[in-house]
Amino acid sequence: MRLEARITRHVNRLFVHAQDTLDNRELKEEIHSNLAARIDDYISQGMSEEKAFQNAIQHIAGMDEVMSDHRKVQRVPYWTALLQSALIYSLIAWIITIPMRVLMQGSAINNLLMIVSLIVGGMYVLYLLINKTNDSATSVKTTVIRIPALVQWNRRIWWLWAVLILVLWGTQAALRFGSNIWFNRPIQVDGPYQFAVIVIAFAIPLLSVIIPLVVHRAYRIVSKYEVSDAL
């Protein structure tokens, strides 16, 4: 039997008595992808396909573990990776907004992002220094992540972000083009400078995507730093 078929059959067995809900279907897909990735990782380390499969399924031996609300992760590596991601996102946003400094509004946003990057970078370095003194002790420390709550927050924040963008864009459109639309006058852009001002005004709200990206990252790296009692 092909490996993919074995993985599918094993995951189907785990959910044989579970209700057919959207959350369970998404969890099923997540377990399938995580199981396949773990097997590929074991095979790349030199394990045989059979041994890699058997070792991987030990991480999800039964539905009690699969449906658990809590996952234990390595505390220091998890938070280090999350702070690192937040720092990278803020630095990228800061670099992107450097050309916007030609405008007063763009300059303020760029300075704000620079301050955010410095704060996040300081937190990242400080966290590394605090936990560098005793690597052996910090490596075994764990923290508990409530997966359903994290998934729920991940969805909510993306939806809230989308609504926020629509509201801000609608406000900008109303302020800049409302009178033209109301009096049925054509919208005119007087030169490249005004065009740049309009583009920047609509682009700046998109920088807030950093927040949902960090929350999404917090969810995605759980499996990477998860501590399994089975091994």
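This report describes the confidence of a predicted model, the geometry and packing of its helix α5, and the surroundings of one serine in helix α2.

Across the protein chain the pLDDT averages 82, and 87% of the residues score at least 70. Among the elements of the chain, the lowest mean pLDDT belongs to helix α4, whereas the highest belongs to α5, as the table sets out.

| Helix | Residues | Mean pLDDT |
|---|---|---|
| α4 | 63–66 | 50 |
| α5 | 75–96 | 93 |

Helix α5 comprises 22 residues, and because a rise of 1.5 Å a residue is expected, the helix should span 32 Å, which agrees with the 32 Å that separates its end C-alpha atoms. Buried positions in α5 include V76, Y78, T80, A81, L82 and L83, and S85, A86, L87, S90 and A93 are likewise buried.

Helix α5 packs with helix α6, which runs over residues 104–132, and the two axes lie 9 Å apart at an angle of about 160 degrees. Since angles over 145 degrees count as roughly antiparallel, this angle makes α5 roughly antiparallel to α6. The crossing in which α5 passes α6 is left-handed.

Elsewhere in the chain, helix α2 covers residues 22–44 and contains S44. With a relative accessibility of 60%, S44 counts as exposed, because the cut-off for that class is over 50%. The side chain of S44 nevertheless has a polar partner, since it reaches the backbone oxygen of D41 at 2.6 Å, which falls within the 3.5 Å limit for a polar contact.

Note on methods. Residues are numbered from 1 along each chain as its sequence is written. This is a predicted model: local features need pLDDT of at least 70, side-chain atom pairs count only at pLDDT 80 or more; totals for chains, interfaces and linings use all residues. Side-chain values use heavy atoms; hydrogens and water are left out. Helices (H or I, at least four residues) and strands (E, at least two) are DSSP runs, numbered from the N terminus. The expected span of a helix is 1.5 Å times one less than its number of residues. Buried means under 20% relative accessible area, exposed over 50%, partly exposed in between (1.4 Å probe, protein chains only). pLDDT is the predictor's confidence in each residue, from 0 to 100. A polar contact is a pair of N or O atoms within 3.5 Å; within protein, one must be able to donate a hydrogen and the other to accept it, and residues adjacent in sequence count only if both atoms are side-chain atoms. Axes are lines fitted to C-alpha atoms, for helices over the stretch in contact, and angles run from 0 to 180 degrees between N-to-C directions. Angles under 35 degrees count as roughly parallel, over 145 as roughly antiparallel, 65 to 115 as roughly perpendicular and the rest as oblique. A crossing is left-handed if the near helix is turned anticlockwise from the far one by less than a right angle, and right-handed if clockwise.
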